[in-house]
Amino acid sequence: MTRRRIALAVAVLLLALFPLTGSAFYTELVTKVMILAIFALSLDLLVGYTGLVSFGHAAYYGVGAYVLGLMAPKYEAANLWLTLPVAIAVAGIAALAVGAFVVRVKGIYFIMVTLAFAQMFYFVFHDTAFGRGSDGISMNFKPTAAIGAFVPFDLANATHVYYFVFVLLALVFVFLRLLLRSTFGRALQGIRSNEHRMRSLGFPVYLYKLASFGIAGALAGLAGYLYALQFGFVNPELLSWHQSGNVLLMLILGGQGSLIGAVVGAFAFVAMEEIYSAVTTHWQLLLGATIIALVIFLPGGLASVAQRFQRKLIGGPPNE
Amino acid sequence: MDFYSFLIQLLNSVQYGLLLFLVASGLTLIFGIMGIINLAHGSFYMIGAYMAFSLSTLSGSLLVAIVLGVVLSMALGVFLEWALFSRLYKRDHLEQVLLTYGLILVFEELRSLIVGNDVHGVNVPAIFNWSIPLTETLSYPVYRLFMSGVCIVLAVLLWLLIAKTRLGMMIRAGASNREMVASLGLNINLVYRLVFALGVALAAFAGMIAAPVSSVYPGMGTSVLIICFVVVVIGGIGSVWGALVAALLIGLADTFGKVLIPQAAGVTVYLLMAAILLWRPEGLFRRGI
């Protein structure tokens, strides 16, 4: 346990000091990874801890991004403190709305209906005037963090954005860790284990699942907002099922059922994407082949590799 | 809307619905019998359409292309089941979803490498390339009637296979209790392989006959897959009857939705799904072939 804590502390320290390396490209890349890590953490709550495999999570990610895109005025900067809470709230409400239908359904149906509802959202942003269509929305200015005359940090500066995202990632991580240790979080894990037992114990399972879905959606909306903030551009592909598939892939890369696994998975995914797209334009072929190989040979994700390695070195107990 | 316009839209709905049923029946069979959710099912539809395009260009005849295509797709199905899907039986849904998602990516890029990303048209075979006149200005293409007819014949054959043949009996038994069937001495692996090949062939065949009507384009696998999911959710997993009823409902909702409310064109199907989920979360028909 202590070894793990040290490893975690070292990783956090490395992340905190990373921008000091000075490379603008890598600072922005790691910012992108941290945003995806928040996205992956949000899905981990749903998939890893509540046992609800959603294939439509990108819908709320996209909604969060589009809130900024739609709220951003054309000729001045949007205000961070106004638009960020709105994005989180709208994404959460969208998730609750969909969840109300979808959470009543189990297993394979759940996967299919979440995908179908995400497609509906995609359609709204891709094909209707409301979402401005397939070209997406460009924002002329980054949001400003000004509170009156005081400007704590400048979101046009990549390093400031890095630290802003870093702090948010840490907050989300801590929030989820506390949530999962609470009664609510324990109940979710109980639902994942055995829903009938939880129901017979008197837990209102539907409401718990719905709440989990809503929180996961809200956090995904936060990640989406940060994406829009970093890139200044939103388009309907943020809601595509490729996006939903990619975030699920991050979970399996990192090993489900662990918060750190979600973050590791995000890093591993982006690393894979960068390496593969440098090799060939048909990098999705390599990605697909890797996914297939991973599922067949490494269902526990990269975390299971670490475990096996640890066992070989130390000869400890087979399961931690 | 006058009677003949209504009739045309009705025929279009039925044709679209029947085609969807063909694709969805493969999906629901594979899930109902083998317990595997196969996201790559839409890719088989796309592969069928592209095969129709390339083989008919090579051979000069769509009908020859279709026969060849069905044989090739069954071979593909057997290979895929042996290589990949046979490992998925004991796995959980997330892993099945991911592996088949990876397969979609592989198929799309392979198609891009082999045939490119262009949109292609396929010619309607000469025998069917005429229309039945309905009024002075309106007529209905015979090819679409042929498509509906073929789908109906295949649906009946499928029902006969499953309900009335020995193989069908083995399939139904294997769906109930795989280990028992195996311990009774039947080669359940072979049965599963055949069922999977059948599912792939159904999807590919649907792509092939749809090619002259809907043209052959890169995103066709994805769009058909999502609608198939809606069919299966509305109809109930594992129920072929349910898939038929749901597919026809969707055909009607989509076609008349596009005609009557063009602004909400793409969403009508999802609204229908949401409404049915409110009323019957398990789908219209429960599991049962």
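The exercises below, each with a worked solution, concern a predicted model.

**Exercise 1.** Compare the expected span of helix H2 (residues 41–59) of chain B with the distance between its end C-alpha atoms.

Solution. Step 1: H2(B) has 19 residues. Step 2: the expected span is 1.5 Å times one less than the number of residues, which gives 27 Å for H2(B). Step 3: the end C-alpha atoms of H2(B) are 26 Å apart, in agreement with the expected span.

**Exercise 2.** Determine how many residues of H2(B) are buried, and find the phi of Gly60(B).

Solution. Step 1: a residue counts as buried if 20 or more other C-beta atoms lie within 10 Å of its own. Step 2: 15 of the 19 residues of H2(B) are buried, so the helix is mostly covered. Step 3: Gly60(B), just after H2(B), has a positive phi of about 85°.

**Exercise 3.** Locate Ser215(B) and state whether it is buried, partly exposed or exposed.

Solution. Step 1: Ser215(B) sits in the loop between helix H8 (188–214) and helix H9 (220–235) of chain B. Step 2: its phi is positive, about 60°, although Ser215(B) is not a glycine. Most residues other than glycine have a negative phi. Step 3: Ser215(B) has 14 other C-beta atoms within 10 Å and is therefore partly exposed.

**Exercise 4.** Describe the side of chain A that touches chain B.

Solution. Step 1: the contact takes 34 residues from chain A and 34 residues from chain B. Step 2: the elements of chain A giving two or more residues to this side are helix H5 (107–127), helix H10 (241–254) and helix H12 (283–297). Step 3: H5(A) gives the most, with 13 residues. Step 4: the residues on this side of chain A comprise 26 nonpolar, six polar and two charged.

Technical notes:
Residues numbered from 1 in each chain as written. Chains lettered and ligands numbered in written order. Predicted model: local features only at pLDDT ≥ 70, side-chain atom pairs only at ≥ 80, totals over all residues. Contact = placed C-beta atoms within 7 Å. Helix = DSSP H or I, 4+ residues; strand = E, 2+ residues; numbered from the N terminus. Nonpolar A, V, L, I, M, F, W, Y, C, P; charged D, E, K, R; others polar. Buried ≥ 20, exposed ≤ 12 C-beta atoms within 10 Å, placed from the backbone.
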